[in-house]
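Grab a coffee and work through these short exercises with the model open beside you. Try each task before reading its solution.

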Amino acid sequence: MSSRLDLSSLYAILDPEQTKGRTPSNILRELLSGGARTLQLRAKTLSPRDFLDLARETRKLTGSHGCRLIVNDRVDIALACGADGVHLGQEDMPLHAARKLMGDKIIGISTHEVEQAKEAEHGGADYIGFGPMFGTTTKKTGYAARGPDMLRQVRGAVKIPIVAIGGITENNVIEVWQAGADSAAIISDILGADDIAAKVTRILRLSQSSQQQ
Ligand code: TZP
Ligand code: MG
């Protein structure tokens with residue numbers, strides 16, 4: 001049994017569809033200089049070739065900053081770029097098939113219910129995503145906001161790390177950590193910020209101060 005994954009309190013997400021006119025590599029540099037040390041690359045509309053190019057570029061920069069890289073949706077691209085892991089939803093490649101390909105690399109599974117969380121843990125996921133925590137405009141999830149109380153139930157049901165996602169911002173992230181998330185995944189509040197690096201640094205400071213309380 002591999003040891004419990006130690007995730008940083010912020011799970012940053014780079015999505016080239018949400019750049020406000022900036023280049024993905026500019027955003028990546030900002031995320032890294034702000035202190036992001038776990039990053040997911042999410043590219044829903046890029047061709048596999050463009051996704052791989054971006055993944056390789058992202059791997060280079062994340063690697064030189066000691067930042068973990070997780071590729072969303074695509075086991076093949078995660079392996080081809082040398083990422084640390086892959087993140088899979090309930091309709092992506094099933095966990096057991098992904099595990100055969102990924103070996104002992106990280107596999108995260110999106111979950112929306114306590115039962116899905118238990119199933120992912122039982123199936124050998126390294127962490128789960130859980131959400132949507134609050135209302136989000138980034139993704140049409142088809143699920144109502146789960147809220148901190150359901151997150152607490154999930155925390156009570158699984159031991160593996162939980163990455164909460166959906167509608168999380170600098171203003172509500174402490175509530176999410178306090179409800180048991182190891183890490184908070186944030187897209188629009190970070191990528192929409194004028195100063196992305198400063199935003200990341202502020203969120204990481206919040207996590208340090210909330211842990212000291
Ligand atoms: N999965 C559930 S909600 C979501 C994903 C990928 C999007 C989260 O984005 P935001 O902008 O932080 O609400
Ligand atoms: Mg997916």
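**Exercise 1. Is Cys67 buried or exposed?** Work that out, then look for disulfides.

Before starting, note that this is a predicted model, where local features need pLDDT of at least 70, side-chain atom pairs count only at pLDDT 80 or more, and totals for chains, interfaces and linings use all residues. Residues are numbered from 1 along each chain as its sequence is written, chains are lettered from A and ligands numbered from 1 in the order in which they are written, and side-chain values use heavy atoms, with hydrogens and water left out.

Step 1. Cys67 counts as buried, since its relative accessibility is 3%. Buried here means under 20% relative accessible area, exposed means over 50%, and partly exposed is in between (1.4 Å probe, protein chains only).

Step 2. Cys81 is buried too, at 8%.

Step 3. Now check the sulfurs. A disulfide is counted when two cysteine sulfur atoms lie within 2.5 Å. The closest cysteine sulfur to that of Cys67 belongs to Cys81, and at 12 Å it's too far for a bond. The disulfide count comes to zero.

**Exercise 2. Which residues coordinate the magnesium ion (ligand 2)?**

Step 1. Donors are N, O and S atoms within 2.8 Å of the metal (3.2 Å for Na, K and Ca); water is not among the atoms, so sites may look incomplete. With that rule, Asp73 (OD) and Asp92 (OD) coordinate the ion at 1.9 to 2.1 Å.

Step 2. Place them in the chain. Asp73 sits in the loop between β3 (68-72) and α3 (75-81), and Asp92 in the loop between β4 (85-88) and α4 (95-102), so the pair ties together parts 19 residues apart in sequence. Helices (H or I, at least four residues) and strands (E, at least two) are DSSP runs, numbered from the N terminus.

Step 3. Check accessibility: Asp92 is partly exposed, at 27%.

**Exercise 3. Find the polar contacts to ligand 1, then follow Gly167 to Asn172.**

Step 1. A polar contact is a pair of N or O atoms within 3.5 Å; within protein, one must be able to donate a hydrogen and the other to accept it, and residues adjacent in sequence count only if both atoms are side-chain atoms.

Step 2. Oxygen atoms of ligand 1 lie 2.6 Å from a side-chain N or O atom of Thr136 and 2.4 Å from one of Thr138. Gly167 joins in through a backbone N or O atom, 2.6 Å from a ligand 1 oxygen.

Step 3. The backbone oxygen of Gly167 is also 3.1 Å from a polar side-chain atom of Asn172. Asn172 belongs to the loop between β7 (162-165) and α7 (173-178), and is buried at 16%.

**Exercise 4. What does Ala36 touch beyond its neighbours within four places in sequence?**

Step 1. Locate Ala36 in the loop between α1 (24-34) and β2 (38-41). Ala36 is buried, with a relative accessible area of 1%.

Step 2. Contact means heavy atoms within 4.5 Å. Ala36 is in contact with Ala12, Leu31, Cys67, Val200 and Leu204.

Step 3. Look back along the chain. Gly35, just after α1, has a positive phi of about 115°. Within α1, the buried residues include Leu28 and Leu31, and the buried residues of this helix pack against β1 (10-14), β2, α2 (48-64), α8 (188-191) and α9 (196-212).
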